[in-house]
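These are my notes on the model, set out as numbered points. They go residue by residue in places and by helix or ring pair in others.

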Amino acid sequence: MGAETVDLLVIGGGMAGLSAAARVAAGGGRVVLVEKAERTGGSARFAGFVWTAPSVAELRRVNPDGDPELASALVDGFAGGVAWIRSLGVDCRPPVPVLGFGRGHQVDTNHYLDTCERLIRDRGQEVLTHTRTRSLVTENGVVKGADCVLPDGSTRRIEATWTLLATGGFQGDPGLRAEYVHPRAADIALRANPHSRGDGLSLGRGAGAAFGKKDAGFYGHLMPAGVPLADPARFVDLALYYSEHALLFDTTGERFVDETVGDHLTTMALLERPQARGLLIADARVHREWISASYVAGIPGVDKFQLCHRAGARCAVADTLEDFASMPEEWGYPGAAIRDRIEEFNAAAAAHGTTTPGRLLDHRPLDEPPFYVVEAAPAITFTFGGLLVDAGAHALSAGSDGRAPVPGLLAAGADAGGLYRRAYAGGLAPALVFGLAAARTALTETPAAVGR
């Protein structure tokens with residue numbers, strides 16, 4: 001390769017890509033970052049917490065089917081990732097509990113992302129926006145950069161010792177969602193940037209990288225059904241996090257999941273139910289303690305029910321359980337059957353008996369009127385399925401025992417799979433940790449050495 005070869009070419013300028021590129025630039029390496037959108041940052045600009053499980057054992061408990069090597073790398077690398085953020089002068093608040101099992105830090109992610117980009121440019125390295133990656137450059141099975149299409153339509157070949165795929169997953173492509181998540185996933189709402197459409201998946205597989213299991217799932221949240229999410233401000237404002245303390249019924253009038261284990265898990269479960277929609281029902285206690293309260297320490301609480309109502313969602317307040325029998329027919333739910341199920345649930349919960357499905361974390365009945373009803377539907381933020389990687393962010397080959405790397409190719413963020421399987425313990429943290437791991441690889445290894 002010629003004199004213009006960079007140490008790392010980063011394809012995708014979100015949390016993982018900017019972290020990797022900035023770390024290489026800070027370490028004196030040569031780097032080019034390519035982002036197809038007009039601005040870097042991706043979906044990380046809509047997030048505000050960097051968090052994960054506090055121990056490998058806890059991560060394995062909530063995510064038993066994920067890759068144990070990647071789980072260890074995430075937990076072991078988390079403190080270093082937080083230290084890196086703070087080293088850039090970005091405020092990273094003291095740790096707080098997240099989702100009942102995790103620990104994390106509120107971070108000004110926009111400040112962090114912009115600081116990374118500024119660091120790259122200040123070190124004389126390149127950030128190319130509105131630039132599309134057409135194909136990877138390979139030679140004798142080794143990835144050696146990429147051919148990119150610049151904003152003016154011209155093509156530029158960028159030669160690199162290492163190439164990192166960090167395009168953010170494939171949640172922006174309905175066809176790929178249907179193929180790799182669930183047939184109904186083609187029609188669910190997107191609560192993320194619209195640019196992550198599987199570019200990294202396509203480029204990586206074309207170079208021989210392995211893709212993980214199709215049923216890995218996705219991270220998302222229940223949102224009010226039928227409400228457009230074109231405004232990113234709605235991604236958090238309308239998320240029905242309180243579902244963990246409510247009851248969810250599908251269109252047949254049945255509960256089908258333990259809601260208390262996490263709204264993100266309930267979201268995956270609802271996708272697989274008829275019509276992928278359901279009624280989320282809470283009582284006055286849940287409204288007081290959860291619907292209008294703060295979801296995470298440090299974030300002001302807002303009344304989610306009122307926000308849904310103002311957004312035009314299908315919602316109602318029932319003064320008594322008997323009111324469910326008068327549910328409008330056009331809603332498409334058996335109201336009387338739902339009333340009966342709630343009464344059965346409340347009787348069992350009050351007697352400390354068994355409910356079906358069970359309630360692992362919140363056993364209290366929902367018996368304090370009035371009752372707050374919102375029709376909910378799943379929305380996707382990012383995909384769990386991706387290119388298989390190891391702890392050093394090396395993309396692994398599809399034509400091997402699954403552990404041999406594709407020489408010269410790295411993957412991080414939502415382009416990397418294997419860490420989570422139908423479970424979740426943070427999105428920004430893996431992007432940060434494995435983005436920094438990719439930087440270490442680019443600064444300390446050569447593809448030839450890896451393949452020995």
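1. S196 is buried, at a relative accessible area of 4%; buried means under 20% relative accessible area, exposed over 50% and partly exposed in between, with a 1.4 Å probe and protein chains only. The residue sits in the loop between β10 (189–190) and α6 (199–206). Helices (H or I, at least four residues) and strands (E, at least two) are DSSP runs numbered from the N terminus. A polar atom of the S196 side chain lies 2.9 Å from the backbone oxygen of T167. Beyond its neighbours within four places in sequence, S196 is in contact with T167, G168, G169, F170, Q171, G172 and D173, contact meaning heavy atoms within 4.5 Å.

2. A word on the basis of these notes. The model is predicted, so local features need pLDDT of at least 70 and side-chain atom pairs count only at pLDDT 80 or more, while totals for chains, interfaces and linings use all residues. Residues are numbered from 1 along each chain as its sequence is written, and side-chain values use heavy atoms, with hydrogens and water left out.

3. Which residues of helix α9 (residues 284–291) are buried? They are A284, R285, V286, H287 and I291. These buried residues pack against β13 (278–282), α10 (304–310) and β15 (371–383). At the start of α9, a side-chain oxygen of D283 comes to within 3.3 Å of the backbone nitrogen of R285. The term polar contact, used below, stands for a pair of N or O atoms within 3.5 Å; within protein, one must be able to donate a hydrogen and the other to accept it, and residues adjacent in sequence count only if both atoms are side-chain atoms.

4. Helix α1 (residues 15–26) and helix α12 (residues 428–444) have axes that come within 7 Å and cross at roughly 35°. Axes are lines fitted to C-alpha atoms, for helices over the stretch in contact, and angles run from 0 to 180 degrees between N-to-C directions. The crossing of α1 past α12 is right-handed: the near helix is turned clockwise from the far one by less than a right angle, whereas anticlockwise would make it left-handed. On the α1 side the contact is made by M15, A16, S19, A20, R23 and V24, and on the α12 side by L428, A431, L432, G435, L436, A439, A442 and L443. Of the residues in this contact, 11 are nonpolar, two polar and one charged. Ala, Val, Leu, Ile, Met, Phe, Trp, Tyr, Cys and Pro count as nonpolar, Asp, Glu, Lys and Arg as charged, and the others, Gly among them, as polar.

5. A412 also meets these two helices: outside its neighbours within four places in sequence, its contacts are A16, L164, L165, A166, F434 and G435. A412 is in the loop between β18 (405–411) and β19 and is buried, at 1% relative accessible area. The C-alpha atoms of A412 and G386 are 9.3 Å apart, with their positions 26 residues apart along the chain.

6. F434 turns up again with D390, which touches E69, L70, L396, R403 and F434 when residues up to four places away in sequence are not counted. D390 lies in the loop between β16 (387–388) and β17 (394–396). Is D390 buried or exposed? At 14% relative accessibility, D390 is buried. Its side chain makes a polar contact of 2.9 Å with the side chain of H394.

7. The whole structure holds 15 aromatic pairs. Rings of Phe, Tyr and Trp (its six-membered ring) pair if their centres lie within 6.5 Å; planes under 30 degrees apart count as stacked, over 60 as edge-to-face and the rest as tilted. W51 and F101 form an edge-to-face pair, 5.6 Å centre to centre with 65° between the planes. W51 is in strand β3 (residues 49–52) and F101 in the loop between β4 (96–98) and β5 (102–106), so the pair ties together parts 50 residues apart in sequence. W51 is buried at 5% relative accessible area, and F101 is buried at 14%.

8. F382 and Y424 form a tilted pair, 6.1 Å centre to centre with 55° between the planes. The pair links distant parts of the chain, 42 residues apart, with F382 in strand β15 and Y424 in the loop between β19 (416–417) and α12. Both F382 and Y424 are buried. Ring pairs link W51, F101, Y219, F382, F384, Y420 and Y424 into a cluster.
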